[in-house]
Amino acid sequence: MNDSIQTDPAALWVVATPIGNLGDMSPRALDVLQQVKVVAAEDTRTSRRLFAERPAPEMISLHEHNESAQLDRLIERLSAGDSVALISDAGTPLVSDPGYRLVAAAHGAGIPVRTVPGPCAAIAALSVAGLPSDRFHFEGFLPARAGQRRTRLDNLADMDVTLIFYAPARDLPEILGDMSAAFGEDRLATLARELTKWHETVRRARLAELAGWVGSDPDQQRGEAVVVVAGNAAPGGPVRPRALLRELARELPPSRAAKVLARLTGMSRREAWALVEQNDS
Ligand code: SAM
């Protein structure tokens, strides 16, 4: 290794690992993981496979639910001169993964924080999406509850930069349907599923087409996915019915809200009422 960690003072190394294909493990990442005293890993059993036949270092589990509790222990080790590597189950730590508090605490304690960059599903998807990539917004996971998810999507509908979402593929039919409603059926998007794995799929199409395709093919609902959506080419365009309805529903009883919505948008009373019911769900 060019950059020997043995000569460094104790440091917290933030190390990216593969998002599926173990061949993407970089020699430098392996080197660092073998030289540090402690590896903080989300799931220590999952991470042992990175070492294959080689001896695995001491591992401490650090996940969403114990990060605060493990912090002091890891900062103590770092302060005592031990170097520590932080890895997650897949990809780059801190990207929709734990680690932020540990990194902040290391900075706070004056401990050097170093990076071993590598795979990240969001960036891998963006690089194959065929959508503008000079500016983008990483949204990560959407809320699981339908109402909250739709509100979040409505709030993103006017952004004029490419949007990146994480999703378990089993949720894609609902998510793509909601995106289609919030962003418009014709908005271009790319579904990047099972990247670097055997069933890697990358498909770029209009949102309504993607939603129909995924909905009719259960194989597309397996594994892990990133959805990359083109930004709004004409932000500040006509008011979207659902955003309008949310405002109306704050001020009016449901039947009045449906009536006013129908009048303002030109949709039928029946369509407006269906939206009101969805808004309540
Ligand atoms: N830290 C990781 C990274 O750098 O991408 C992300 C961790 S997040 C908990 C897991 C999500 O990342 C999955 O639900 C999926 O949205 C996305 N993801 C991870 N691996 C993927 C892959 N091989 N193909 C597509 N999406 C993937």
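This briefing describes the domains, the salt bridges and a charged surface patch of one protein chain. The structure is a predicted model. Its chain is divided into domain 1 (9-119), domain 2 (122-229) and domain 3 (241-280). A search of the whole structure finds 13 salt bridges, and Arg256, Lys259, Arg263 and Arg269 form a patch of positive charge on the surface.

**Domain arrangement**

- Residues 9-119 make up domain 1, residues 122-229 domain 2 and residues 241-280 domain 3.
- Between the C-alpha centres of domain 1 and domain 3 there is a separation of 50 Å.

**Salt bridge between strand E6 and helix H6**

- Glutamate 139 and arginine 152 meet through their side chains in a salt bridge, with an N to O distance of 3.0 Å.
- Because glutamate 139 belongs to strand E6 (residues 136-141) and arginine 152 to helix H6 (residues 146-156), the pair ties together parts that are 13 residues apart in sequence.
- Glutamate 139 counts as buried, since its relative accessibility is 16%, and the cut-off for buried is under 20%.
- Arginine 152, by contrast, has a relative accessible area of 34% and is therefore partly exposed.

**Salt-bridge network between helices H6 and H7**

- A network of salt bridges links Arg149, Arg150, Glu174 and Asp178.
- Within this network, arginine 149 is joined to aspartate 178 by a salt bridge whose closest N and O atoms are 2.9 Å apart.
- This pair links distant parts of the chain, with arginine 149 in helix H6 and aspartate 178 in helix H7 (residues 172-183), 29 residues apart.
- Both partners are buried: arginine 149 has a relative accessible area of 4%, and aspartate 178 has one of 7%.
- Aspartate 178 also forms a salt bridge with the side chain of arginine 150, at 3.1 Å from N to O.
- Since aspartate 178 lies in helix H7 and arginine 150 in helix H6, this second pair ties together parts that are 28 residues apart in sequence.
- Arginine 150 likewise counts as buried, because its relative accessibility is 17%.

**Positive surface patch**

- The patch of positive charge on the surface gathers Arg256, Lys259, Arg263 and Arg269.
- Helix H10 (residues 254-265) supplies the largest share of the patch, namely three residues.
- Lysine 259 has its place in helix H10.
- With a relative accessibility of 35%, lysine 259 counts as partly exposed.

Key:
Residues are numbered from 1 along each chain as its sequence is written. This is a predicted model: local features need pLDDT of at least 70, side-chain atom pairs count only at pLDDT 80 or more; totals for chains, interfaces and linings use all residues. Side-chain values use heavy atoms; hydrogens and water are left out. Domain bounds come from an automatic or database domain assignment. Patches are made of residues with over 30% relative accessible area and no salt bridge: like charges are joined within 9 Å, nonpolar side chains (Val, Leu, Ile, Met, Phe, Trp, Tyr) within 5 Å. Accessible areas come from the Shrake-Rupley method with a 1.4 Å probe; for residues, only the protein chains shown count as cover. A salt bridge is a side-chain nitrogen of Lys or Arg within 4 Å of a carboxyl oxygen of Asp or Glu. Lys and Arg count as positive and Asp and Glu as negative; His and the chain ends are not counted. The place of a charge is taken as NZ of Lys, CZ of Arg, CG of Asp or CD of Glu. Helices (H or I, at least four residues) and strands (E, at least two) are DSSP runs, numbered from the N terminus. Buried means under 20% relative accessible area, exposed over 50%, partly exposed in between (1.4 Å probe, protein chains only).
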